[in-house]
Every structure is written in C-alpha cells, then in structure tokens.
Amino acid sequence: MKQTRPLFRHFFKRTFSIYLFFLQLCLFSSLRSFGVSINEEDLNINTLNQFYVTLLLFGFIIVAFVVMSWLFFVRLRKRLTRLQEVMSFSANNNSFPKPISVQSDRMDEIDQLGSSFNWMIQQLEDSRKREYEEELLRHRLIANISHDLRTPLTILRGHITRLNKEPLSIEGQNSLTEMNHTITRVGDLMDDLLSYTLLTSGKHPFHPTSTDIVRLVRASVAAWYPVFEEKEIQLDVDLPTEETFYWKADPKWMTRVLDNLFQNILRHAAEGKYANIVVDVEKEQIIVADRGPGMDNSSYERGAGIGLSTSNYMLKKNEAES
C-alpha cells in the first residue's frame, strides 16, 4: 500500500514551520529595535523592550509547541483507542467486528493499520462463508450417499432371502448368513453417519426439559432387557426406587445415548456375557460397564466411532443447556 502522508513527519513539519515563523518574527523585532535607537537612554529602553518581546515570543513558541504536541497525541490516542475498542468488542463477543472508517486522502500509518484490519475482516468473512458452503455441501453429499446406498443394499438382501430358499450346502448357508449380517452392519453405519450429519447441521430437533433420569434409565433398560436376555448377557441393574435426580436435557437425546451404549455392548462386548447399569443419585451419574475385551482391542464389528461421536455430541449439547 502506498504511503502518502507519514504521520510523525507531517507533525514535525507543521510544528517546526510555526517555530521558524515565530523565530523570524523575533529576529525581525530585534533588528528593528536596534535600528530605531537614537541615544543611550532610548537604547537601554529598546534593549529592555526587545528582551521582553523576545522572551514573550520564545515563551509563546514553547507554549504553542506544547499545545500542538498535546493536541496531536490526544488525536493519536483517540484514533488508536477506537481501533482497540473495535478489536476488543470482536474478541469479547466472539464475532467479526464491523470495518472501521479510513480516510483514503490522508492514509497515514494509523489509516494503513485500519485498512489492513478491514482487509483481515474481509478475508475472515470470506473464509467463514466458504467453510459454511463446504459444510452444507458435505452434509448434502453424505445424505445423498446414505440414501443411494440403501437401494443396492435392499436388492442384495432380497437376493439373499431368495437364495435361502434354494438348496445350499452348510458353507453356502454360512456365507449367506455372513452376507446378511454384513448388510445389516453397513445399514447401521449409514444410519449413524446420517444421524451425526443431521445433528451437527442443526436439523435434528432439540427440546431440553427437566428430565427424571432414574425413570428414563429404567424405561430404557426395560426396552433392552429382552435383547440382552436373548444374547444370554447377564444384566446387573442397580436403580434406586424412591430417590431420583433431574437434568435439563432432551429425553429423546438421552435415550439415544443409552441406546448407543447398549448397542455397543451387544456389538463389541457380548462375549463377556455381563453388563452392569448403575444410577448414582448422590453423584448424579449413570454408570454402564461390561466385561468385554476393552476399548484398545478391536473387534470385527468395530467401525469408525460415529456412534460414540454422536453420543458425545448429544451429551455436550445437553450439558451446555443444563
């Protein structure tokens, strides 16, 4: 950017111009006083007058210099304070500030700083706009892919159902069972991916309310109990009968979190044949434990962790509202 008017150079140029003007005026008065002297008495009087005039002019020069310097730095501080207030407002409110006014005809160092600040704001706004558009495109792409993949999966499941009616060997039956299981797993992964996309894009309804946590956990355990029993998983439940506590949360979201945890037990910890579900009223905690191989040991059913990411997002959202 071209610098047309340096700030301090202009200040010193203007100040010293005034200083030289009064200095010339002082010298002119001194010469004139000497020129009009007639006798010794007049010379003494004129010399005294010339001294007072010179002193007055020098005092006026010093006062003028101090006043002009004070006015200059007051204006400088005012402009810098205005710029600092704009930056502080954006930092405190976590938002982009509005561009500040810049005088293009003056364009000193502070105006150059303001112009650079405005350019930075414009770049940040453009970057956020591109990020928002890319996020919308990514969400739309995931939704379309999830929808388009369901059709071939449904067709494959239909062919597997038809082949099950045909006479096949034991190995063929095992292969069809494994294919059917894989199709179900892919469908679950697509559901998790679509749910996570809807959540992060704000399209999943969120209605926090005062929720009885013990009652919610009891209803969720009762719904999953037959599934655990079918898989021969021992369910150890410790739920208080008279005491409870309340969270400000969305009941549907909390139920979804519990469903994901119970589903992970069936997928990854079924071989442990044990699940423990406890609600601690004093600490206001929900504890879900199992005897599976652990988080560090991968299983065949292990995916990319989309379900846990969805549950984590829901819990953080509920915590922010509580």
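**Exercise 1. An aromatic group**

W224 and F228 are both buried (under 20% relative accessible area with a 1.4 Å probe and protein chains only, where over 50% is exposed and anything in between is partly exposed); work out which aromatic cluster W224 and F228 belong to, and where its members lie.

*Solution.* A word on the model comes before the steps. The structure is a predicted model, in which local features need pLDDT of at least 70 and side-chain atom pairs count only at pLDDT 80 or more, whereas totals for chains, interfaces and linings use all residues. Residues are numbered from 1 along each chain as its sequence is written, and side-chain values use heavy atoms, with hydrogens and water left out.

Step 1. Searching the whole structure gives five aromatic pairs, a pair being two rings of Phe, Tyr or Trp (for Trp the six-membered ring) with centres within 6.5 Å, called stacked for planes under 30 degrees apart, edge-to-face for planes over 60 and tilted for the rest. One of these is the tilted pair of W224 and F228, with 6.3 Å from centre to centre and 50° between the planes.

Step 2. Both residues of this pair sit in helix 5, four residues apart, which is about one turn of the helix; helices here are DSSP runs of H or I with at least four residues, strands are runs of E with at least two, and both are numbered from the N terminus.

Step 3. The ring of W224 also pairs with that of F262, and because the centres are 6.0 Å apart with the planes at 65°, this pair is edge-to-face. Since W224 belongs to helix 5 and F262 to helix 6, the pair ties together parts that are 38 residues apart in sequence.

Step 4. Burial can now be given in numbers: W224 has a relative accessible area of 16% and is therefore buried, and F262, at 0%, counts as buried too. The cluster thus consists of W224, F228 and F262.

**Exercise 2. Helix 5 against helix 6**

Determine how helix 5 and helix 6 are oriented to each other, and place S220 in this arrangement.

*Solution.* Step 1. The axes of helix 5 and helix 6 (residues 251-268) come within 10 Å and cross at roughly 30°; axes are lines fitted to C-alpha atoms, for helices over the stretch in contact, and angles run from 0 to 180 degrees between N-to-C directions.

Step 2. Helix 5 and helix 6 are therefore roughly parallel, in a scheme where angles under 35 degrees are roughly parallel, over 145 roughly antiparallel, 65 to 115 roughly perpendicular and the rest oblique. Their crossing is right-handed, a term for a near helix turned clockwise from the far one by less than a right angle, the anticlockwise case being left-handed.

Step 3. On the side of helix 5 the meeting residues include L216, S220, W224 and F228, and on the side of helix 6 they include L258, D259, F262 and L266. Sorted by class, the contact of helix 5 with helix 6 has 12 nonpolar, three polar and one charged residues.

Step 4. S220 is located in helix 5 (residues 213-230) and, with a relative accessible area of 5%, is buried. Apart from neighbours within four places in sequence, S220 is in contact (heavy atoms within 4.5 Å) with L258, D259 and F262.

**Exercise 3. Helix 4 and its partners**

Compare the way helix 4 packs on helix 6 with the way helix 3 packs on helix 4.

*Solution.* Step 1. The axes of helix 4 (residues 170-200) and helix 6 come within 14 Å and cross at roughly 155°, which makes helix 4 roughly antiparallel to helix 6. This crossing of helix 4 and helix 6 is left-handed.

Step 2. Helix 4 contributes D188, D192, S195 and L199 to the contact, and helix 6 contributes W253, R256, Q263 and R267. These residues divide into two nonpolar, two polar and four charged.

Step 3. Helix 3 (residues 109-164) packs on helix 4 at an angle of about 160°, with the axes 9 Å apart, so helix 3 is roughly antiparallel to helix 4. The crossing of helix 3 and helix 4 is left-handed, and by class their contact has 14 nonpolar, nine polar and four charged residues.

**Exercise 4. A loop residue**

Establish whether F245, in the loop between strand 2 (234-238) and strand 3 (246-249), is buried or exposed, and list what F245 touches.

*Solution.* Step 1. With 4% relative accessibility, F245 counts as buried.

Step 2. Leaving out residues up to four places away in sequence, F245 touches T211, D212, I213, V214, V279, D280, V281, E284 and Q285. For E284, 39 residues from F245 along the chain, the C-alpha atoms are separated by 6.8 Å.

Definitions and conventions
Ala, Val, Leu, Ile, Met, Phe, Trp, Tyr, Cys and Pro count as nonpolar, Asp, Glu, Lys and Arg as charged, and the others, Gly among them, as polar.
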